[in-house]
Amino acid sequence: MSRLVVIPLSFLRRLDSLKYTSVVALVSIGYLVILVIYHYAAGDTQDERGPIRAVKPESALSALSSLPVIVFAYTCHQNMFSIVNEIRDNRPKIISSVIVSAIGSACTIYIIVAITGYLSFGNNVAGNIVGMYKPNVSSTIGKLAIVILVMFSYPLQVHPCRASCVAVLKFRPAWFLKRRARRASPNRAAPLLNASAGDGPLDAHGSPVQVIGDLKFAIITTVIVVLSYLVAMCVNSLDTVLAYVGATGSTAISFILPGLFYYKISSPSNPYHQQLYKEDDDLDNGQRLGLNSKRLATLRWMSLALAIYGVLIMVTCLTTNTYNLIVKD
């Protein structure tokens, strides 16, 4: 049943098309939050509750093993490009408010569920707290809410994954482009007509959108869905999957790639270097303020430090996850 819903949603081209399913997923999240708070307030988990550690963790290894899941929980960067392209008002101030509201609301929900869930079961709490409640109507609805949440969240991950695959397939190294430019004749290298905004579909701001062919779109989406299904059939622990995804993909998206991108763009030899001196939101008497060279250099080295920090986090998380997996087996 879930495959009949997930597959059609995964083939939608625009992220905006998933707004209604996202509302349903948010309703499911709200029900799960209420369910966890209710059981904590009712105190019906006293018999299954283990010892509670308020400050001191069980071990340094257990604390480090939770780090990749936390990184995964706050990773929403992969959809920001589509959001910026599709939102009607994409000024930096509006985008910043979207980021703050999204991460702020998620942080609030995480803290409430984490505290009440841990106080309900203590150290005996499992990765899926809803599965620990006694079977009844409310817990069964909670399990259904998790299914709906995962089912409607999956297409949100397929969208950036597909876009990344298309970008990787289109990538050509600089030496290849230079060699192809030398081989091309002037008449064949120059287009006869310049592309105009009316030649293809436009985004919310009137800019032309690069659209891949239907065949390539269908093939890439099908491969992503099939590989995801195979992984789901081979893995029986959701927390293990989240831990490894958080240690690799989420760490790269959150720390490594942003640091490397800024370090590369802020290089004085980069053509986008001068754009970093402009700040769209900071205005003084109608004149734009710019970043001074000292601050720009500091930010450049801080971005490199962020990338190095991400590499260290990735190595540490992968090591602890692999060790915990071996110990469990």
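Partly exposed, as used in these legends, means a relative accessible area that falls between the buried class, under 20%, and the exposed class, over 50%. With that in hand, welcome to a short tour of a predicted model.

**Figure 1. Overview of the fold.** The protein holds eleven helices and two strands. Read from the N terminus, the order of elements is α-α-α-α-α-α-α-α-α-α-β-β-α. Of the 329 residues, 24% count as buried. Among contacts with a separation of 6 or more, residues 24 or more positions apart account for 78%.

**Figure 2. Y74 meets Y110.** What is the geometry of the aromatic pair formed by Y74 and Y110? The two rings are edge-to-face, at 5.3 Å centre to centre and with 85° between the planes. Y74 lies in the loop between α3 (60–73) and α4 (80–86), while Y110 belongs to helix α5 (residues 92–121), so the pair ties together parts that are 36 residues apart in sequence. Is Y74 buried, partly exposed or exposed? Y74 counts as partly exposed because its relative accessibility of 28% is neither under 20% nor over 50%. Its partner Y110 is also partly exposed, with a relative accessible area of 35%. In the whole model, the count comes to four aromatic pairs.

**Figure 3. H39 and its surroundings.** H39 is found in helix α2, which spans residues 19–42. With a relative accessible area of 3%, H39 is buried. Which residues does H39 touch, not counting those up to four places away in sequence? They are D44, Y133 and S138. With D44 there is also a polar contact, in which the side chains of H39 and D44 are joined at 2.9 Å.

**Figure 4. The largest nonpolar core.** Nine residues make up this core: L32, L35, V36, F121, I129, V130, M132, Y133 and A145. Helix α2 gives the most to it, with three residues. Another core, of seven residues, lies apart from it and includes V6, L9, A25 and M151. For a closer look at one member of the largest core, take I129: leaving aside its neighbours within four places in sequence, I129 is in contact with V36, G117 and F121.

**Figure 5. Two arginines over rings.** The charged end of R13 sits over the ring of F217, at 4.3 Å from the ring centre. A second view shows R300, whose charged end sits over the ring of Y263, 3.9 Å from its centre.

**Figure 6. A297 in helix α11.** A297 lies in helix α11 (residues 293–328). How far apart are the C-alpha atoms of A297 and S267? They are separated by 9.1 Å, and the two residues are 30 residues apart along the chain. At 35% relative accessibility, A297 counts as partly exposed.

**Figure 7. Two cysteines, C107 and C234.** How many disulfides does the model contain? The count comes to zero disulfides. C107 is partly exposed, with a relative accessible area of 26%. C234, in contrast, is exposed, because its relative accessible area of 68% is over the 50% limit.

How values were computed: Residues numbered from 1 in each chain as written. Predicted model: local features only at pLDDT ≥ 70, side-chain atom pairs only at ≥ 80, totals over all residues. Heavy atoms only, no water. Helix = DSSP H or I, 4+ residues; strand = E, 2+ residues; numbered from the N terminus. Buried < 20%, exposed > 50% of the residue type's maximum accessible area, 1.4 Å probe, protein only. Polar contact = N/O pair within 3.5 Å; in protein donor to acceptor, adjacent residues only side chain to side chain. Contact = heavy atoms within 4.5 Å. Phe/Tyr/Trp six-rings, centres within 6.5 Å; stacked < 30°, edge-to-face > 60°. Lys NZ or Arg CZ within 6 Å of the ring centre and 35° of its normal. Core = buried A, V, L, I, M, F, W, Y, C linked by side-chain atoms within 4.5 Å. Disulfide = S-S within 2.5 Å.
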